[in-house]
Amino acid sequence: SSASRCVANAACVPAPPVVSLSASPNPVQYNAPTTLTWSSSGATSCTTGLGPWPSPGARGTSGSQATGNLTASATFNISCTGPGGTTTSNNVTVNIAAPTVTLYCNGADNLCSVAYGASPSLSWSPANATACTASGSWSGSKSSGGGSETVGPLYNPPASRAYTISCTGPGGSASDTVTVNVGAAPAPTASILCNGLASCSI
């Protein structure tokens, strides 16, 4: 029959569209956008699917678009339709990059040495973090946007102190520690005066 001949002839039976979707960068920095790129064959139109697409709805059969700023992982897909039916792309999950944080003492990472009675400056520089907390020789919540704080004055003993900051975000957690070595107390001095003078005759 003509129907069977048409089935036997692959050209008479349009294939479903082929659709692909990718995201770059992935993972993405916290509160930053990524770019979604899609392509298709055998499609005449496409429509956004899963995910926080900007202005969701109809799209061309290929293209790219920046998302809004992402503060949590998000999964995207897109569906394309053609004479052979509708195909939904692979799901693409965009993750938030893991947090990082670096703690400095007077501008030095890992270790610094200060004089007896000094008050060093601790500063921290996080990325992809939503909360930071201090532990060790200091404590309390610290700004996830970074900052600085003066500690001390520091005396010896103890000869060293460890300061740690831990930050968390959608992508995980990170911490850093700096050790502050404190110099010994200066040796005591004494002066003997004669009638208030360093030397005198009596």
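**Exercise 1. Glu 149 and its partner**

Task: Decide whether Glu 149 is buried, partly exposed or exposed, then find which side chain meets the side chain of Glu 149 in a salt bridge.

Solution.
- Step 1. Glu 149 has a relative accessible area of 28%. Buried means under 20%, and exposed means over 50%. Glu 149 is therefore partly exposed. This model is predicted.
- Step 2. Look for the partner. The side chain of Lys 142 meets that of Glu 149 in a salt bridge, at 2.6 Å from N to O.
- Step 3. Now classify Lys 142. Its relative accessible area is 12%, so Lys 142 is buried.
- Step 4. Count such pairs. The structure holds 1 salt bridge.

**Exercise 2. The sheet around β7**

Task: Work out the order of the strands in the open sheet that holds β7, and say which strands stand at its edges.

Solution.
- Step 1. Start with β7, residues 78-82. Of its 5 residues, 4 are buried, so the strand is mostly covered.
- Step 2. Find one partner. Strand β3, residues 45-48, is joined to β7 by 4 bridges, and the two run antiparallel. Within this pair, Thr 81 of β7 stands opposite Ser 45.
- Step 3. Find another partner. Strand β8, residues 85-88, is also joined to β7 by 4 bridges, again antiparallel. Here Ser 79 has Thr 88 in β8 as its bridge partner. β7 and β8 make a hairpin, with 2 residues between them.
- Step 4. Go on from β3. It is joined to β4 by 2 bridges, and these strands run antiparallel. Cys 46 has Arg 59 in β4 as its bridge partner.
- Step 5. Put the strands in order. The open sheet has 4 strands, β4-β3-β7-β8, with antiparallel pairing. β4 (58-59) and β8 stand at the edges; each has a single partner strand, so one side of each has no neighbour in the sheet.
- Step 6. Recall what holds such pairs. Strands of a sheet pair through backbone hydrogen bonds.

**Exercise 3. Two residues compared**

Task: For Val 182 and Pro 33, give the element each lies in, then say whether Val 182 and Pro 33 are buried, partly exposed or exposed.

Solution.
- Step 1. Place Val 182. It lies in strand β18, residues 172-182.
- Step 2. Classify Val 182. Its relative accessibility is 5%, so it counts as buried.
- Step 3. List contacts beyond four places in sequence. Val 182 touches Val 114, Ala 115, Tyr 116, Leu 154, Tyr 155, Asn 156, Pro 158, Ala 159 and Arg 161. Take Ala 159: it is 23 residues away along the chain, yet the C-alpha atoms are separated by 5.1 Å.
- Step 4. Place Pro 33. It sits in the loop between β1 (18-24) and β2 (35-41).
- Step 5. Classify Pro 33. Its relative accessible area is 37%, so Pro 33 is partly exposed.
- Step 6. List its contacts in the same way. Pro 33 touches Pro 25, Val 28, Thr 67, Gly 68 and Asn 69. The C-alpha atoms of Pro 33 and Thr 71 are separated by 9.3 Å, with their positions 38 residues apart along the chain.

**Exercise 4. The whole protein**

Task: State how many helices and strands the protein has, and what share of its residues is buried.

Solution.
- Step 1. Count the elements. The protein has 1 helix and 18 strands.
- Step 2. Take the buried share. Of 202 residues, 29% are buried.
- Step 3. Turn to the surface. About 10,700 Å² is exposed, and carbon and sulfur atoms supply 52% of it.
- Step 4. Check the contacts. Among those with a separation of 6 or more, 60% join residues 24 or more positions apart.

Conventions: Residues are numbered from 1 along each chain as its sequence is written. This is a predicted model: local features need pLDDT of at least 70, side-chain atom pairs count only at pLDDT 80 or more; totals for chains, interfaces and linings use all residues. Side-chain values use heavy atoms; hydrogens and water are left out. Buried means under 20% relative accessible area, exposed over 50%, partly exposed in between (1.4 Å probe, protein chains only). Two strands pair if DSSP finds at least two bridges between them. Contact means heavy atoms within 4.5 Å. Accessible areas come from the Shrake-Rupley method with a 1.4 Å probe; for residues, only the protein chains shown count as cover. A salt bridge is a side-chain nitrogen of Lys or Arg within 4 Å of a carboxyl oxygen of Asp or Glu.
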